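Thank you all for coming. I would like to walk through one structure this morning, going from single residues to a core and then to an interface.

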Amino acid sequence: MATKILMPKLSDTMTEGVILKWVKKEGEKVKQGEILVEIESDKADMELEAYDSGILRKIMIAAGGSAAIGAPIAIIADAEEDISALLTEIPASPGNAPKQELTDETPKSSGPTPLSPASETTGVRIKASPVAKRLAAESKIELRTLIGSGPQGRIIKRDIQPLLSNKKQVSMKPAAPIISGGYQDVELSLIRKTIAKRMQESKQIVPHFYVTVEIDMEPAMAFRDQLNAAAGSKMSFTDILVKASAVALMKHPNINATYRGNSMRQFGEAHIAVAVALEDGLVTPVLRNCEQKTILQLNAELRDLAERARNRRLKPEEYQGATFTISNLGMFGVKDFAAIVNPPEGAILAVGAIIEKPVVKKGAIVIGHTMSVTLSSDHRIIDGSVAARFLEDVKLLVENPAALLL
Amino acid sequence: MNMTAELNALHERLLHLPPETLLKWYDEMLLIRRFEEKCAQLYGMGKIGGFCHLYNGQEAVATGSIGAITPEDYVITAYRDHGLAISKGLEPRRILAELLGKSTGTTKGKGGSMHLFDREKNFLGGHAIVGGHIPLAAGAAFASKYRNEKRVCLCFMGDGATNIGEFHESLNLAALWKLPVIYIIENNKYGMGTSVDRASAVEMLIKKAAAYDMRCGVVEDGHDVLKVYETVKAAVDHARSTYEPSLLEVQTFRYRGHSMSDPIHGHYRTKEEVETQKKLDPLTVFAEVLKESQIAGDEYFKTAEKRIKSVVEECVQFTEQSPEPPLGDLYTDVYAD
Amino acid sequence: MPVVSIREALNQAMDEEMARDDRVFLMGEEVAQYNGAYKVSQGLLAKYGPRRIIDTPIAEAGFAGIGIGAAMVGLRPIVEFMTWNFSLVAYDQIVNHAAKMLSMSGGHFSVPIVFRGPGGAAHNLGATHSQALESIYAHFPGLKVVMPSNPRDAKGLLKTAIRDNNPVIFIESEVMYGEKGEIPEGEYTIPFGIGEIVQEGSDVTIVSWSKILQHVAIKAASRLADEGVSVELIDPRTIRPMDWELIFHSVKKTNRLVIVEEGWPFAGVGAQISHEVSSNCFDDLDAPVERVTQEDVPLPYAHNLEIASLPSIQKVIRAVRKVLYLD
């Protein structure tokens, strides 16, 4: 029975060994327990004994050569046995490769970076304490507009505090008034005038009614995190709502419709407008054919539209032709609200903030995350139960967001 | 040395021990020898990692000493613990599994070669810090006396450990408080590469007992399982009846290096020294005694060899089929509940 | 409620646990006939006899090891170090044997032992007799580290330590043994890992323990109150396990943390707390975490140098003002 003799591990740190001397020669008989070869390990010179008896048929690493642990160094077999199969695995000796010198890598020291003075306005990195950053982000305050009173111009909590409405203040500095004197007259912009006219019309003509549901947002929160992690995207809850609304609108043609006097026009496509706040008003860019697009596509498109909306670079066809609108005031902490239908659409969905609060699940009180959405509907074409069923579907989809991937 | 006269004298003592016990001792020593040889092979194949300290040549010390105590008595030792563990009744297959870091090992793969433990068998380890276990031995003996039990503790150590602080503190406390611990120095003449005369101010190690007024004894023929048994038994009986400890020195020899990283000879021991010592192989010496006193014949030894070989093979198979510990085991047994 | 000193509280804890469980015994230098170097074990020898209250020679490694061996086979020893400085001779036994025994033995042998004694500086004792060593024990998984600051906690925590099946490092303070406080009537224990809010506040969180809490942090908090700064003062009571939630909750409220401890700064307990807070309360911090520690030098002998070396009320006030950006 032919056996390969492998380079043994002769110390706990050994990685390769050097053959010092073959005690047995090729062709010689070997008995179990006899010393076969002398090997140099990283710690000492050791003798290797044979574990099997036979003839030392082939020496693969000669004296002076080296091999890694586990590499074959010899073959023991019977005199007449065919060992050609084992011979084909003779490895190249690694002992000839020059050992790689460990280069002394000292990191280039560039000296301490000089601390720049408070230069928030020049676009250089803004220094702010973590809590100041968080508070500013939560209240949509631009750090760039603040002067920091901390060391090296660091913006700290007390610099933000006066700008927050209901937080405890450490510093007693009073906030600067916005209007001095009794009043001021501001000319209405074109957008403002348009909004004024249309909203007045809508409220005067369209018989509004409002239906609200509360949605358990925890599945959507997990879904969003997973999707963003997997796709590297920055999907928001508005995107989820757009998709959910689009799917629901396909099932409820009465919602995706317009009043035309003697008839109602029901649309087969969901073109959903998303309200975007501007400095002096709001504009509603339209996402076309939402029923055909994936959430990621909607996300990308909406980000692009919103960006261009803020820069007043929307083309007319991009803010016209919607069949449904979604308006989200959640980022301001609003719990719920009722929006005004945008004629000629049949309905508009108003979205509130995700609120952490106690909820009842399976008979127990636990901490949950819920969001209120309110559908304002044109009662000329939409009834209470129609609106309710639509919202039921929206809620179901948002609470089971995996279905939105179908 | 006149072998025949020795053997005849031994024949006398053999009669006090039942043949089953004597044959069991032979089997046990053979098992330890073949087990350790297998460990050497597996270490060379890279299947056992880290340190591995083999007991080849010292089998009579384990078998003779543990033959003198009961299962209720405690045994504790340093890192050359495979032989003592087998003697104390730990399953060889689980010892081998522990050496290969498998979850079926005696300590679930968490300890390795130097940390074999078994609470049920009263085997208190397996310790890697030289001398660190010696006070623990006194502690186990302390507990036995505290609870009015008759248990003793056998504390094995190497010659090198007799020079460290914890050895001295422990012996002083054991003598002072009369703790039933029997300290057994397995003097294999070398603490790794340092011979006793280069490490200890007194070459006759039991002289250290005098510093503590402690009872002591020497077994010059540590390869003779019967002589080891006799001396240890006397110390054990003394401790059981008086609670007084003893310091014993058993002169023995290890056939392999200190560990698997250490050569058998050429570094600090000559080839001749090793070959000479190997002539007094505990297995061959005891086999001769058994043959001479007609307790066992050649047939017995042949079948014993076969039997033990298959036991060791079974250990290897068991080990190879055993899984590694699950990653979750990383966090188990850090704190007790 | 009865009023006792920390010394008496510890004595009661050991007395009650020994009466309750025969496996509990006390071992250490001068604990028996001398009645304790600091009188903590006063009267116990007379009550329980030499079998259970045992005087040892000066051999810390030896008797710590005996305690560990006895614990491995089922007894529940209390090993007293005359001061924690001397535990260093037994460091191998504690960290290589006691701390790792359960893990290395794959669950075979647990070590239900308490190592206790006074730690930290007293007055003019010099560098080797004045060390605060909690961090070099808390470093090791397998050990628990407990540091009470008052009689109620001393008694409740020591009882828990004796009943715990793990090796417990119980660090007292020799300067505080005489300090008195109320303790509950009757049987009580205090669980590990639960800290205490010593005083509530809103401007800054101070975490401190043991002697420094009582002698420095509380006084600094009082002076800061006069300056209009509201301090929330936390006593973790156990270093390992540490009540992280309590600290995080406080920092989220105050946005600022100052840690005041007797150990040295490099790799001290405060360094660990600082890391955990910066990881878990990153968005709630208004300033970097500040530490007041012993100066990074061996403690000198001269009275003025010793005082300058240790945490002080002034140093705490300065640190608090720094995190409040008040200077």
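Let me start with A:Leu302, which is found in helix H7 of chain A, residues 295–310; helices here are DSSP runs of H or I of at least four residues, and strands are runs of E of at least two, numbered from the N terminus. Please keep in mind that this is a predicted model, in which local features need pLDDT of at least 70 and side-chain atom pairs count only at pLDDT 80 or more, while totals for chains, interfaces and linings use all residues. Residues are numbered from 1 along each chain as its sequence is written, chains are lettered from A and ligands numbered from 1 in the order in which they are written, and side-chain values use heavy atoms, with hydrogens and water left out.

A:Leu302 is buried, with a relative accessible area of 10%, where buried means under 20%, exposed over 50% and partly exposed in between, with a 1.4 Å probe and protein chains only. Leaving aside neighbours within four places in sequence, A:Leu302 is in contact (heavy atoms within 4.5 Å) with A:Thr238, A:Asp239, A:Val274 and A:Leu287. Of these, A:Val274 is 28 residues away along the chain, and the two C-alpha atoms are separated by 8.1 Å.

Now to the largest nonpolar core, meaning a set of buried Ala, Val, Leu, Ile, Met, Phe, Trp, Tyr and Cys residues joined through side-chain atoms within 4.5 Å. This core has 84 residues, and those touching the most other members are B:Phe142, B:Tyr183, C:Phe115, C:Ile273 and C:Val277. Its largest share, nine residues, comes from helix H6 of chain B, residues 134–146.

What, then, is the area buried between chain C and chain B? The value is about 3,400 Å², of which carbon and sulfur atoms give 65%; buried area is the accessible area, with a 1.4 Å probe, that two parts lose on being put together, summed over both. Across this interface, the rule finds zero salt bridges, a salt bridge being a side-chain nitrogen of Lys or Arg within 4 Å of a carboxyl oxygen of Asp or Glu. In terms of residues, 47 of chain C are in contact with 37 of chain B.

Finally, C:Ser130 lies in the loop between strand S5 (114–118) and helix H6 (134–138) of chain C, and C:Ser130 is buried, with a relative accessible area of 1%.
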